[in-house]
Amino acid sequence: MTLQTIVETAALDAFRLSLFSGGKKLAFVPTMGALHEGHLALVKQARQNADSVIVSIFVNPTQFGPGEDFNRYPRTLTEDARMLAEAGCDAVFLPNIATIYPEDFQTWIHNESLENQLCGASRPGHFRGVLTVVLKLFNLVRPDVAYFGKKDYQQWRLIEKMVADLNVPLKVIGSETVREPDGLAMSSRNRYLKPEQRPAAVAISRGVKAAVEKYKAGELGSQVLISTVAKEIALQPAIAVEYLTIREQISLAPVGDSIKGPAVILLAARLGDLRLIDNMELNPSA
Ligand code: AMP
């Protein structure tokens with residue numbers, strides 16, 4: 001199968017129409033490129049559950065704050081196209097900046113409850129940029145189903161909420177985080193991790209995993225679980241924790257002292273110039 005490259009919206013419409021007339025199910029995976037196995041897992045899951053798969057690659061300037069890494073965000077288009085073709089993707093959509101943000105652009109999507117919490121607290125405007133671009137991509141691509149990684153847990157939940165609140169006619173699916181063999185959650189930015197920073201980076205997932213194990217063994221105290229993560233990370237002085245919290249899975253509301261329903265441990269940390277995020281769900285056993 002050959003990968004179709006689509007830049008103009010008219011070509012996108014033609015691609016969409018060819019499926020629509022056949023009544024086929026279209027799955028969509030929005031990305032910023034610099035693809036890795038985490039992205040490909042979404043593509044493969046999409047492949048299994050739909051007739052056709054389209055991936056977008058767009059490094060969205062409005063989700064980067066001033067001083068963040070928009071300019072040095074990795075761009076590896078040739079390699080990305082090769083990986084997508086191999087993974088059985090049908091089309092890659094590479095919108096121009098003018099398609100997404102024409103000069104007189106004025107309309108933005110906000111989540112008024114959660115956009116300034118967790119990652120939003122240290123990245124003002126980030127989720128406004130994410131939600132706006134994702135809704136635009138949804139409207140351009142008009143997929144039946146869209147796949148997002150649980151790696152970006154808050155992003156996934158905010159997109160689910162946007163789709164529900166605004167009656168966007170598609171289904172959102174969250175896919176499990178793909179990790180390196182040492183536990184580090186895969187990320188396009190990991191290529192900037194220096195070898196000497198690796199042990200510190202790996203302590204994050206090790207700490208969260210240790211808390212998940214304690215939870216599975218019956219520990220429901222949120223402070224005990226948070227301290228379990230914090231202790232492991234404290235062994236790595238290079239890591240500065242930005243937030244470390246346990247929230248309810250769907251609403252992302254804080255949990256009480258004792259965890260009652262499905263919850264998730266979420267954290268963000270700085271390691272040199274890099275900002276790393278990770279999370280793991282705490283699912284009550286049936
Ligand atoms: P990005 O290119 O970083 O915007 O990511 C595009 C999509 O891939 C988002 O839905 C991410 O949550 C997802 N993703 C990124 N890294 C991973 C990972 N390690 N495992 C699963 N999904 C991921």
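Two strands count as paired when DSSP finds at least two bridges between them. Keep that in mind as you open this predicted model, because strand pairing as defined by bridges guides much of the tour.

**Stop 1: a pair of strands**

Start by selecting strand β3, residues 52–57, together with strand β4, residues 91–93; these two run parallel and are joined over three bridges. Now pick out Val55: standing opposite this residue, in β4, you will find Val92.

**Stop 2: the six-stranded sheet**

Widen the selection to the whole sheet around that pair. Six strands make up an open sheet, and walking across it you pass β1-β4-β3-β2-β5-β6, with parallel pairing. Which strands sit at the edges? They are β1 (4–6) and β6 (171–175), each of which pairs on one side only. If you look along the sheet, neighbouring strands are turned against each other by 25° on average, direction ignored.

Next, add the helices that lie on these strands. Helix α6, residues 126–141, lies across β2, β3, β4 and β5, and its direction is at about 150° to β2. Then select residues 153–165, which form helix α7: this helix lies across β5 and β6 and runs at about 170° to β6.

**Stop 3: the ligand**

Show the ligand and the residues around it. The shell holds 17 residues, and those that come nearest are Met32, Gly149, Asp152, Val178 and Met186. Sorted by class, the shell contains seven nonpolar, seven polar and three charged residues.

Three polar contacts are worth displaying one at a time:

- His39: one of its polar side-chain atoms lies 2.9 Å from an oxygen atom of the ligand.
- Gly149: here a polar backbone atom is 2.9 Å from a ligand oxygen atom.
- Val178: a backbone N or O atom of this residue lies 2.9 Å from a nitrogen atom of the ligand.

Switch on a surface here, and ask how much of the ligand's accessible area the protein covers. On its own the ligand has 480 Å² of accessible area, and the protein covers 93% of that. Colouring by element shows where the shell comes from: β2 (26–31), α2 (37–49) and β5 (145–149) are the elements that give two or more residues. Of these, α2 supplies the largest share, with three residues.

**Stop 4: the three-stranded sheet**

Move on along the chain to a second open sheet, whose three strands follow the order β7-β8-β9 with antiparallel pairing. Why is one side of β7 (239–248) and of β9 (274–282) left without a neighbour in the sheet? Both stand at the edges and each has a single partner strand, so the other side stays unpaired. In this sheet, neighbouring strands are turned by 15° against each other on average, direction ignored.

Zoom in on β7 and strand β8 (residues 263–271), an antiparallel pair joined by nine bridges. Label Ile246 and look for its bridge partner in β8, which is Ile265.

Finish with two helices on this sheet. Helix α8, residues 198–216, lies across β7, β8 and β9 and runs at about 15° to β9. Helix α9, residues 222–234, also lies across β7, β8 and β9, but runs at about 160° to β7.

Methods:
Residues numbered from 1 in each chain as written. Predicted model: local features only at pLDDT ≥ 70, side-chain atom pairs only at ≥ 80, totals over all residues. Heavy atoms only, no water. Near = heavy atom within 4 Å. Polar contact = N/O pair within 3.5 Å; in protein donor to acceptor, adjacent residues only side chain to side chain. Areas by Shrake-Rupley, 256 points an atom, 1.4 Å probe, with all protein chains shown as cover. Helix = DSSP H or I, 4+ residues; strand = E, 2+ residues; numbered from the N terminus. Nonpolar A, V, L, I, M, F, W, Y, C, P; charged D, E, K, R; others polar. Axes fitted to C-alpha atoms, helices over the stretch in contact; angles between N-to-C directions. Contact = heavy atoms within 4.5 Å.
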